[in-house]
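Trainee: Could you take me through the empty spaces in this structure, one by one? I would like a close look at what lines them.

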Amino acid sequence: MSVALSSILLLALLALFLGAGTWIFAGLMLSGAGAMWLILDFPWVRVGAIATKVISSSAVSWELAAVPIFVWMGDIIFRTDISERLFRGLAPIVAKIPGGLLHTNVFGCTLFAAISGSSTATTATVGKITVPELKKRDYSMSLAAGSLAGAGSFGLLIPPSIAMIIYGVLAEVSISKLFIAGIVPGAMMALLYSGYIAIISTFFPHMAPKYEGEISLRVVLKGLWELAPLAVLMFVVLGSIYSGLATPSEAAAVGVFCAILITIATRQFSIRMLVESLMNTLRISSMICMLIAASAFLSAAIAYMHLPTMITEMIASLDLSPYGVLLILAVLYIVLGMFLDGTSMTVMTVPIAVPLIVQAGYDPLWFGIYLVIMIEMSTITPPVGLNLYILQALTGRSLGATILAAAPFFLLLCLGTALLATFPQIVLWLPSAL
């Protein structure tokens, strides 16, 4: 069967099952099984045998052990007063920058993302404190919502990132190197956001009133002390990974222990909190692992159909430049991001996208960061952009107004991907140096 007909039939199966409202993991499994039966003419016994082997092997991947542990660590911190500490600690530090306290959204999300790994948790945790404070001080809610929508997505880019772990497992790329590679792009995006806020606030000063609180060395030092628990947790988790002392899974376990110690030291620990965080971790981790197992089965069906090879050869015959391949993938991811969450996008596209990228001459490590930024876009694109709905609830603004507020930061994400494509060493320099 031709590549075009095979692709059309597979897409039709995906559209049928996912469009019917089935759970995504079930839709992927049914699409894979249907492709093997209809396109490859495999008997159901063989389909079942392949499913058993693929799912069992993908479900016991040691690298995936880091996912539930990092989720648990982030959930424990989410249930503490860390967001209040972030605001109190950052406010005197950023107050004199043009844009004032709006920068607490950007830098607060950047710091919290370093212990969370989730964009929705980052947005909700930071936003529940900064939005009321900014509203009380008459800051522009449009700029506040937009900056929080964009910076909240840092939970995917700033390590430790659940999205990076999933990509590393699927693409067989070192997770530790992905974590290292995300540092410079994450800092770059934070500076782009902060720079945009400063420029807008300079030209439209009514959007960011001047900070009237006390700014002194004593106040700044007190703010740094508020950030100390978060800094310690970041140092323990990321420092152990970057120094080579621990794998991501081992570092995550140490991070959970430190997070529990922080809750005890700040007198916020309770058995109820621990049980609730465990139950939430179980739900999220089960969802992720089921998606990965279903994706592995669909990937096996795609491999049996030789689709990655055929699509790679077809695109190579078009004689597109590497930038042309990236542009096609960017459009694809932006469209998918309007309807799917980041995890589903990753597990569905990596088996085909990675061979294309390698054929175009790009490093799979570099593509992992590119893909994560593409996923970040999906968190602020309607109708499925989860950060938009979180901000709608936090700010009380309409969904349309929230989308318009997030639009400039979506464009900044596009600028960030263009910079990564033009200067790939932004991603690759630090992993090679370390």
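Mentor: Happy to help; we will go from pocket to pocket, then to the cavity, and end with some helices around them. Please keep in mind that this is a predicted model. The idea behind the search is simple: rolling a probe the size of a water molecule over the atoms shows where empty space is left.

Let us begin with the largest pocket, which holds about 940 Å³ of space. Its lining is made of 36 residues. If you want to find the middle of this pocket on your screen, look for Ser118, Thr120, Ile284, Met287 and Thr343, the lining residues that lie nearest its centre. Several helices take part: α2 (24-38), α4 (66-78), α7 (119-136), α10 (162-171), α16 (271-304), α19 (342-359) and α20 (364-378) each give two or more residues to the lining. Among these, α16 gives the most, with 7 residues. Sorted by class, the lining of the largest pocket has 20 nonpolar, 13 polar and 3 charged residues.

Now move to the second largest pocket, with a volume of about 740 Å³. Here 28 residues form the lining, and Leu11, Ile311, Leu332, Thr349 and Ile352 are the closest to the centre. At least two lining residues come from each of α1 (3-19), α16, α17 (307-317), α18 (322-337) and α19. This time α1 gives the most, with 8 residues. The class count for the second largest pocket is 26 nonpolar, 2 polar and no charged residues. Notice that α16 and α19 appear in the lists for both pockets.

What about cavities? Searching the whole structure for cavities of 30 Å³ or more turns up 1. The largest cavity contains about 30 Å³ of space. You can trace its lining by selecting Ser83, Leu86, Phe87, Thr104, Gly108, Val126 and Thr130. Two or more of these residues come from each of α5 (82-94), α6 (103-116) and α7. The most come from α5, with 3 residues. By class, the cavity lining divides into 3 nonpolar, 4 polar and no charged residues. You have met α7 already, as one of the helices that line the largest pocket.

Let us return to α16 and pick out one of its residues, Met279. Is Met279 buried, partly exposed or exposed? Its relative accessibility is 43%, so Met279 counts as partly exposed; the partly exposed class runs between 20% and 50%. For a sense of scale, compare Met279 with Pro364, which is 85 residues away along the chain. Their C-alpha atoms are separated by 35 Å.

Finally, see how α4 sits against two other helices. The axes of α4 and α16 come within 9 Å and cross at roughly 140°. That angle is why α4 is described as oblique to α16. As α4 passes α16, the crossing is right-handed. With α14 (residues 228-242), the axis of α4 comes within 13 Å, and the two cross at roughly 165°. Angles over 145 degrees count as roughly antiparallel, so α4 is roughly antiparallel to α14. The crossing of α4 with α14 is left-handed. To tie this back to where we began, both α4 and α16 help to line the largest pocket.

Terms used
Residues are numbered from 1 along each chain as its sequence is written. This is a predicted model: local features need pLDDT of at least 70, side-chain atom pairs count only at pLDDT 80 or more; totals for chains, interfaces and linings use all residues. Side-chain values use heavy atoms; hydrogens and water are left out. On a 1 Å grid over the protein atoms alone, a cavity is a set of points where a 1.4 Å probe fits but cannot get out, and a pocket is an open set with protein on both sides within 12 Å along at least five of seven lines; lining residues have an atom within 4 Å of a point. Grid points are joined across faces, edges and corners, and a volume is the space filled by probe spheres set on the points. Helices (H or I, at least four residues) and strands (E, at least two) are DSSP runs, numbered from the N terminus. Ala, Val, Leu, Ile, Met, Phe, Trp, Tyr, Cys and Pro count as nonpolar, Asp, Glu, Lys and Arg as charged, and the others, Gly among them, as polar. Buried means under 20% relative accessible area, exposed over 50%, partly exposed in between (1.4 Å probe, protein chains only). Axes are lines fitted to C-alpha atoms, for helices over the stretch in contact, and angles run from 0 to 180 degrees between N-to-C directions. Angles under 35 degrees count as roughly parallel, over 145 as roughly antiparallel, 65 to 115 as roughly perpendicular and the rest as oblique. A crossing is left-handed if the near helix is turned anticlockwise from the far one by less than a right angle, and right-handed if clockwise.
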